[in-house]
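Biologist: Please take a close look at the nonpolar core for me. After that, I would be glad to hear about the charged, polar and aromatic pairs as well.

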Amino acid sequence: METPVFKFEPQDYDTVYEPSEDSFLLLDALEDELESIKARQPLLCVEIGPGSGVLIVALEKHLPSGRSHFIGFDINPNACQMTQKTCQLNGTASVDVVNMDLLAGLRTACVDLLVFNPPYVPTQPAADSLEEHIGEFHLSGENQNLVHAWAGGADGRIVTDRVLDDLDRILSPRGVFYLLLLKENKPEDVLKQMERRNFRGSIIKERRIRGEHLYVLRIERTGGN
């Protein structure tokens, strides 16, 4: 899948995560999985933290039109605006963008395709990501801090673990979750943890980039498609 057109203004770089190697690895993994995703015939496709919007827009452009609906949830209002802008630049009409913290507003078992490139960099407790600083995203201008797009707390999983804890509630019976992790996030431990919760998963793609070792995980319910 080609990367959708996106456009950052100078001020956007301070508050919205620009697509980088991790974004492109996840995009490549989704391209590899595209036929499998189509076979699931997803009705609701969700990206958590779309940032620039390139992933959710790419999915919208390559999944069958008229069947699937796409939503990006981002706690950062600037990222929501950027995703909307990317939708407009690419003529995307069926992507909604919601300013919300993760997936709390979704009903049970409704998500067929879930994608997340989380804040994954391990940080000291004082720099923990969204948990301690959610209110800061609702302030304006210079008070918004890009650190929350990458700082992941202990093991880099403070936000990821919240999503994993909610996965049984929101993922549909045929749903699939694509998650990007760093080696320090202990992806094998994540897979074992989810196996104990009646999910199955595997590492479907990995890449070493500039001192980082990144992985893409596919997680689905045991007995899923």
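Modeller: Within the largest nonpolar core, which has 31 residues, the members that touch the most others are Leu-26, Leu-30 and Leu-113. Contributions of at least two residues each come from H1, helix H2 (34-39), H3, H4, strand S3 (95-99), strand S4 (111-116), strand S5 (171-182) and S7. Helix H3 is the biggest contributor, giving six residues to this core. A nonpolar core here is a set of buried Ala, Val, Leu, Ile, Met, Phe, Trp, Tyr and Cys residues joined through side-chain atoms within 4.5 Å. Buried stands for under 20% relative accessible area, exposed for over 50%, and partly exposed for what lies in between, using a 1.4 Å probe and protein chains only. In soluble globular proteins, nonpolar side chains tend to be buried together.

Before we go further, please keep in mind that this is a predicted model: local features need pLDDT of at least 70 and side-chain atom pairs count only at pLDDT 80 or more, while totals for chains, interfaces and linings use all residues. Residues are numbered from 1 along each chain as its sequence is written, and side-chain values use heavy atoms, leaving out hydrogens and water.

Which residues does Leu-26 touch, once those up to four places away in sequence are set aside? Its contacts (heavy atoms within 4.5 Å) are with Leu-55, Val-115, Phe-116, Asn-117, Tyr-178, Leu-180 and Val-216. Apart from the largest core lies another, of 29 residues, including Val-159, Leu-171, Phe-199 and Tyr-215.

Now for the wider frame. The protein has seven helices and seven strands, arranged along the sequence as α-α-β-α-β-α-β-β-α-α-β-α-β-β. These elements are DSSP runs numbered from the N terminus, with helices (H or I) having at least four residues and strands (E) at least two. Of the 225 residues, 52% count as buried. Among contacts between residues at least 6 apart in sequence, 80% join residues at least 24 apart. The accessible surface comes to about 10,100 Å², and 47% of that belongs to carbon and sulfur atoms; the areas come from the Shrake-Rupley method with a 1.4 Å probe.

On to the charged pairs. Side chains of opposite charge can pair when their charged atoms come close. With a salt bridge defined as a side-chain nitrogen of Lys or Arg within 4 Å of a carboxyl oxygen of Asp or Glu, the count comes to 15. One of them joins Glu-9 to Lys-85, at 3.6 Å from N to O. Glu-9 sits in the segment before helix H1 (21-32) and Lys-85 in helix H4 (residues 77-89), so this bridge spans 76 residues of sequence. Glu-9 has 29% relative accessibility and is therefore partly exposed, and Lys-85, at 23%, is partly exposed too.

Another bridge pairs Asp-32 with Lys-205, whose closest N and O atoms are 2.9 Å apart. Here Asp-32 belongs to helix H1 and Lys-205 to strand S6 (residues 199-209), with the two positions 173 residues apart. Lys-205 is partly exposed, at 22% relative accessibility.

Strand S6 also takes part in a bridge between Arg-200 and Glu-220, with closest N and O atoms at 3.3 Å. Since Glu-220 lies in strand S7 (residues 212-221), the bridge ties together parts that are 20 residues apart in sequence. Glu-220 is buried, at 6% relative accessible area, whereas Arg-200 is partly exposed, at 36%. Salt bridges with shared partners also join Lys-7, Glu-9 and Lys-85 into one network.

A polar spot worth a look is Ser-68, in the loop between helix H3 (54-62) and strand S2 (69-74). At 9% relative accessibility, Ser-68 is buried. Its side chain reaches the backbone oxygen of Pro-42 at 2.5 Å. Leaving aside residues up to four places away in sequence, Ser-68 touches Pro-42, Leu-43 and Cys-45.

Finally, the rings. Phe, Tyr and Trp rings (for Trp, the six-membered one) pair if their centres lie within 6.5 Å; planes under 30 degrees apart are stacked, over 60 edge-to-face, and the rest tilted. The whole structure holds two aromatic pairs. Phe-6 and Phe-8 are edge-to-face, 5.9 Å centre to centre with 85 degrees between the planes. Phe-6 is partly exposed at 28%, and Phe-8 is buried at 10%. Phe-8 and Tyr-13 form a tilted pair, at 5.1 Å and 40 degrees. Tyr-13 is partly exposed, with 39% relative accessible area. Together, Phe-6, Phe-8 and Tyr-13 are linked into a cluster by these ring pairs.

Note on methods:
A polar contact is a pair of N or O atoms within 3.5 Å; within protein, one must be able to donate a hydrogen and the other to accept it, and residues adjacent in sequence count only if both atoms are side-chain atoms.
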